[in-house]
Amino acid sequence: MKPAPLQPRRLSDGIVERIETLVLEGSLRPGERLPAERALAEEFGVSRPSVREAIQKLVARGLLVSRHGGGTFVNSTLGTSFRDPMIELLGRNPEAQRDLIEFRHTLEGACAYYAAQRATAPDRERLKAAFERVQDCYLQQGRVSRVEEGRADALFHLAIAEASHNAVLLHTIRSLFELLEHNVVTNIGGMLPLGSAVRDRLLAQHEALYRAIVEGRADDARRLASEHMDYVQEVLNDNRDEIERIERAQRRREPV
């Protein structure tokens with residue numbers, strides 16, 4: 001039997017792959033607006049009809065959303081499987097908060113390891129800015145809210161995930177970002193009242209992790225990320241035990 005002739009590859013399919021790659025690697029983020037068709041055509045060196053056809057295919061797949069007269073956007077719901085109401089449910093459950101720390105222990109160790117191996121100059125610049133935001137929040141003790149501090153901390157860990165250049169790790173962290181941010185805020189609420197020594201230790205851990213990554217020390221970066229999560233869990237456990245002891249003591253009646 002004579003085989004069917006191969007069909008020529010459509011130009012729009014190549015454009016689809018380019019845009020998919022930009023989304024997958026995190027260069028185009030959920031909710032981000034794409035450049036105008038004319039700009040994309042110039043960037044890719046193709047005609048506007050080819051760009052238009054590619055966009056139509058991606059809209060049909062649900063990756064992009066077109067708004068009449070408003071442009072084309074990356075679908076803002078990409079990777080949102082852990083959004084409300086699951087966020088609220090997990091956020092209110094103490095056991096789930098512990099589970100998230102255990103999950104972060106594995107995930108962030110891997111992110112740090114690969115970030116140290118693969119971070120580019122732009123990645124290191126973003127990491128530097130993210131770390132300096134964390135540092136600024138810690139040094140402004142009492143002058144920034146827990147929410148601001150938690151967001152800065154979560155964005156630092158997101159920058160590490162971006163620098164890992166691992167699409168699965170990155171989009172897992174992104175899909176969990178709101179839950180991660182809430183977890184950090186909750187942890188801060190449970191840890192920082194314990195004194196400046198805890199605060200100083202946390203800042204030192206963030207700095208050591210940042211420096212290991214930008215200096216390319218992959219094994220150290222993974223170890224430091226794991227030690228950081230171990231310390232967070234240890235301090236929170238000690239604090240929870242102390243609260244339970246105080247509550248038990250308060251429930252006891254004075255002897256007659």
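**Figure 1. Exposed and buried sides of helix H2 in the predicted model.** Arg 38, Glu 42 and Glu 43 are exposed on one side of H2, away from its buried residues. The helix covers residues 37-44, and its buried residues are Leu 40, Ala 41 and Phe 44. Viewed down the axis of H2, these buried residues fall within an arc of 100°, so they line one face of the helix. An α-helix has 3.6 residues a turn, so residues three or four places apart point the same way. The buried residues of H2 pack against H1 and H3. Just after the helix, Gly 45 has a positive phi of about 70°.

**Figure 2. Crossing of helices H1 and H3.** H1 is formed by residues 11-24 and H3 by residues 48-61; their axes come within 8 Å and cross at roughly 55°. At this angle H1 is oblique to H3, and the crossing is right-handed. From H1, the residues that meet H3 are Leu 11, Ser 12, Asp 13, Ile 15, Val 16, Ile 19 and Glu 20. Their partners in H3 are Ser 50, Val 51, Glu 53, Ala 54, Lys 57, Leu 58 and Arg 61. Sorted by class, the contact of H1 with H3 has seven nonpolar, two polar and five charged residues. H1 and H3 are also the helices against which the buried residues of H2 pack.

**Figure 3. Surroundings of Ser 164 in the loop between helices H7 and H8.** H7 spans 146-163 and H8 spans 167-175, with Ser 164 in the loop between them. The relative accessibility of Ser 164 is 0%, under the 20% limit, so this residue counts as buried. Apart from neighbours within four places in sequence, Ser 164 is in contact with Cys 111, Tyr 114, Ala 115, Arg 118 and Leu 169. One of these, Leu 169, has a number that falls within the range of H8.

**Figure 4. Surroundings of Leu 78 in the loop between strand E2 and helix H4.** Strand E2 comprises 71-74 and helix H4 comprises 86-92; Leu 78 sits in the loop between them. Leu 78 has a relative accessibility of 28% and therefore counts as partly exposed. Leaving out neighbours within four places in sequence, its contacts are Val 23, Pro 30, Gly 62 and Leu 63. Leu 78 and His 171 are 93 residues apart in sequence, while their C-alpha atoms are 9.1 Å apart in space.

Note on methods. Residues numbered from 1 in each chain as written. Predicted model: local features only at pLDDT ≥ 70, side-chain atom pairs only at ≥ 80, totals over all residues. Heavy atoms only, no water. Axes fitted to C-alpha atoms, helices over the stretch in contact; angles between N-to-C directions. Helix = DSSP H or I, 4+ residues; strand = E, 2+ residues; numbered from the N terminus. Parallel < 35°, antiparallel > 145°, perpendicular 65-115°, else oblique. Left-handed = near helix turned anticlockwise from the far one by under 90°. Contact = heavy atoms within 4.5 Å. Nonpolar A, V, L, I, M, F, W, Y, C, P; charged D, E, K, R; others polar. Buried < 20%, exposed > 50% of the residue type's maximum accessible area, 1.4 Å probe, protein only. Arc of directions from axis to C-beta.
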